[in-house]
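Let's take a stroll through a protein model together. Keep the picture open and look back at it as you read.

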Amino acid sequence: MQNFSQQPENRLTNWAAPTRPPLEGPESVLSEDEELRQAYERLTFHVENFPLGAIEWDCVFGVKRWSYQAEKILGWKAAEVMGIPRQNWPCNYPEDEPLVAEAMDRLIEGKESHNVVCYRNYTKAGKVIWCEWHNSALLDEAGRPISILSLVQDISEQKQAEQERDQLISNIDRENQTLEALVQQRTAELARTVERLEIEIARREQRDRQFSAIAANLPGVMYRAIIRTDGRITVPFISDGIQKLTGIDPMDAMADLWGLFGRVHPDDREGFRERITSLGKTQKPLEHQEFRIISASGKLKWVQDNTHYTWMENGDVIADGVMLNISDRKQAEVAMRQQVERERLLGAIAQRIRQSLDLNTILSTTVEEVQQVLGCDRVLVYRVWADGTGSAIAEAVKPGWLKVLNRVFPEEVFPPENYQRYIEGRICALGDRDSGQTLPCLVEFMKTIEVRAKLVVPIVEKDTLWGLLIAHQCSGPRQWQTGEIDLLASLATQLAIAIQQSELYERLQVELSDRKTAQCQIKASLEEKELLLKEVHHRVKNNLQVISSIFSLQSSYIEEPRILSILRDSQNRIASMALIHEKLYHSDTLAKIDFDDYIESLTSNLFSCYNISPQKVRLKLRIENVCLNLDTAIPCGLLLNELVSNSLKHAFSEQDSGTIFIEFTEIANQQLNLMVRDTGRGLPDGLDFKKTNSLGLRLVRALTRQLRGTLDIKNSHGACFQITFPSPQGL
């Protein structure tokens, strides 16, 4: 733990700059400031150019300083991490977080002034690297953290080297266990020989023994070869592992080097020769080389040759190398590639099934993909029909082999007794038709379609054998691998799903077509009925207008004002109903009428009928966009006609002017509010509207009941009639 008894400026000066004798006066202050500035610049320069990244934290582990080397190691710039607490760092590796937290807690708690921790971090590019963190904490006299500094370096290569070293040591230990007894025996014999020989010879033999022991215990083959300037190649040493690798005795290999080169696979010899030829042209060591060899027993093996070259002054090149048998690794890589390809194929087929419902396209694509992945001569989908016959409905075949697409096979080719076995999941993997394990009739049939080996997987859909997915090898026998069998079985399951989806799609298409036909018929019927309803509304409107015209003609023969008023009121009532039918006739829908437009038309007709000038009586409307059906619109229109007519006739004298207010709004609980108010003389005093003989008021009460509403009449500064009734949508 660092003690904070010394001022920061003094510590910085003592660390980064030479001490000078103190000065007196103002010059002393300026000199110290300049000295501190220069010291800070030097310190910053060294931190930024130090090979380790420097990160300074505050007391809550927020980043205060982020050096250039930290940016190079972790990838984030200073501006991207400044102030971010360490717990929220994007470079934290979750599995190592407890180790980091423990180390930082020890610093904060004062248990350590410095510690070194190795753990993994993410770079900005998403790469995982190993880092070594040197952490130190500066605390004040009370033990509180003032500054925390971390120095970080990338040790990924070191970690990798340590892992490789540990693996190599582990391999050596295993070999030592098997050869320990032999080494001990040879060591005893050599010890007795050393006693009889001179010291120099003894030392040389001891070195040879130690090197031989190391070479014998290391996996693979160790060798030294010398490439002469004249092109000759000599092998002064090769370990015993050459015999295990190639079957050639080490002494024979050293004596006949070209015989050893002859074990290289013919397809890899050219690259091997180019590697040796390039030694005379370059002074740079070549990377390791992988090639195949054929052992004395005829077995093919993969070898990795790792060689270090030393160029001598005389022009010779010394090649010290290790050859490792990597056959198991290569086989694992091949198996991995096959597994990846199988998974890719399954994913592609599943994707096509999700994207397309065309069964023929899915089947054709499947057989083509399987034929390429397995490398077999023919892949087909065999459809089993209800009458026992079958045919190939999809096929992928290599050029030169017989095509069986759309060929119908009789029932004898696939007997009924095989159905149940395939439904239960039986898979037929036949490696060779001539193995003697196949019925003669089946052998003859396979010959007619040029099949030597086959792999058959059932396609079962809803507990029914729909068909078979078949792979044929026509050119010769074939041992079907487990991965290949699993691949076809998985594809058969996917195809069963595709078949089920395709059949469902076809049924839906038929249902959709039937539904569209029915919808067209219903639409035509509705259009015909709408046309008839429009004609009905048109004729009702015409008939009402005829009645209104009759009243108009009748009024020309009547001179008594009271009767003329009655006829005009009746004519207005008929006109209000005719107007509704006219609006419905011109409306896009016959079920509802736009009452906003209706009210404007109705009031305009009433003002014209009573010959009222808009300058004398103003009309103010507050109408929401409300649509009413016919049953509500007619009584509501008659109500509005009676109330507006009453105001136009009785509210204002010939000399008076005023305003009529009409409100039609929608209120809470799906209720509609119709209010007609004027600023005229008001209703007569003492009028009991429930007992009045006025036809208009009686109609208002009756129409309100018809609407299932309530009527509220107020007589203050004019008459106000307010009717509240349920909206047609709420009934």
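How many residues are in the protein chain, and what percentage of them are buried? The chain has 731 residues, and 37% of them are buried.

## The big picture

First things first: this is a predicted model, so every value here is computed from that prediction. The chain is built with 20 helices and 23 strands, so there's plenty of both to spot as you turn the picture around.

How does the chain meet itself? Take the contacts between residues with a separation of 6 or more: 55% of them involve residues that are 24 or more positions apart. As for the outside, the accessible surface comes to about 43,100 Å². Carbon and sulfur atoms own 52% of that surface.

## The largest cavity

Now let's peek inside. The structure holds two cavities of 30 Å³ or more, and the largest cavity has about 370 Å³ of space in it. Its lining is made of 26 residues. If you want to find the spot, look for Y223, F261, F272, D305 and M323, the lining residues that lie nearest the centre.

Which elements give two or more residues to this lining? On the strand side, they are β6 (221-227), β7 (233-238), β8 (289-294), β9 (300-311) and β10 (317-325). On the helix side, they are α8 (241-246), α10 (257-261) and α11 (269-277). The top contributor is β9, which gives four residues. By type, the lining of the largest cavity divides into 21 nonpolar residues, two polar ones and three charged ones.

## The second largest cavity

The second largest cavity has a volume of about 90 Å³. Here 13 residues form the lining, with R86, N92, V100, Y119 and N121 lying nearest the centre.

Two elements, α5 (97-108) and β3 (114-122), each supply at least two residues of this lining. Of the elements, β3 gives the most, with three residues. What about the mix of residue types? The lining of the second largest cavity has seven nonpolar, two polar and four charged residues.

## A buried strand residue

Next, zoom in on I227, which is found in strand β6. Is I227 buried or exposed? The relative accessibility of I227 is 13%, so this residue counts as buried.

I227 also shows how sequence and space can tell separate stories. I227 and G315 are 88 residues apart in sequence, yet their C-alpha atoms are 9.0 Å apart in space.

## Two unusual backbone angles

Here's some background for this part: most residues other than glycine have a negative phi. With that in mind, look at N406, where phi is near 70 degrees, a positive value in a residue other than glycine. You'll find N406 in the loop between β12 (390-397) and β13 (408-409). The relative accessible area of N406 is 58%, so N406 is exposed.

D463 is another residue to check, with a positive phi near 60 degrees. Where does D463 lie? D463 sits in the loop between β15 (453-460) and β16 (465-473). With a relative accessibility of 69%, D463 counts as exposed.

## Salt bridges

How many salt bridges does the model have? The count comes to 27. One of them joins the side chains of E56 and K64, at 3.9 Å from N to O. K64 is partly exposed, with 41% relative accessibility. E109 and K111 meet in a salt bridge too, with an N to O distance of 3.2 Å. K111 is exposed, at 63% relative accessible area.

One more pair deserves a look: K330 and E333, whose side chains meet at 3.8 Å, N to O. Both lie in helix α12 (residues 327-355), three residues apart, which is about one turn of the helix. K330 counts as buried at 16% relative accessibility, while E333 is partly exposed at 29% relative accessible area. This pair has company: salt bridges that share partners join E290, R329, K330 and E333 into one network.

Note on methods
Residues numbered from 1 in each chain as written. Predicted model: local features only at pLDDT ≥ 70, side-chain atom pairs only at ≥ 80, totals over all residues. Heavy atoms only, no water. Buried < 20%, exposed > 50% of the residue type's maximum accessible area, 1.4 Å probe, protein only. Contact = heavy atoms within 4.5 Å. Areas by Shrake-Rupley, 256 points an atom, 1.4 Å probe, with all protein chains shown as cover. 1 Å grid on protein atoms, 1.4 Å probe; cavity = no way out; pocket = protein on both sides within 12 Å on 5 of 7 lines; lining within 4 Å. Points joined across faces, edges and corners; volume = space filled by probe spheres on them. Nonpolar A, V, L, I, M, F, W, Y, C, P; charged D, E, K, R; others polar. Salt bridge = Lys/Arg side-chain N within 4 Å of Asp/Glu carboxyl O.
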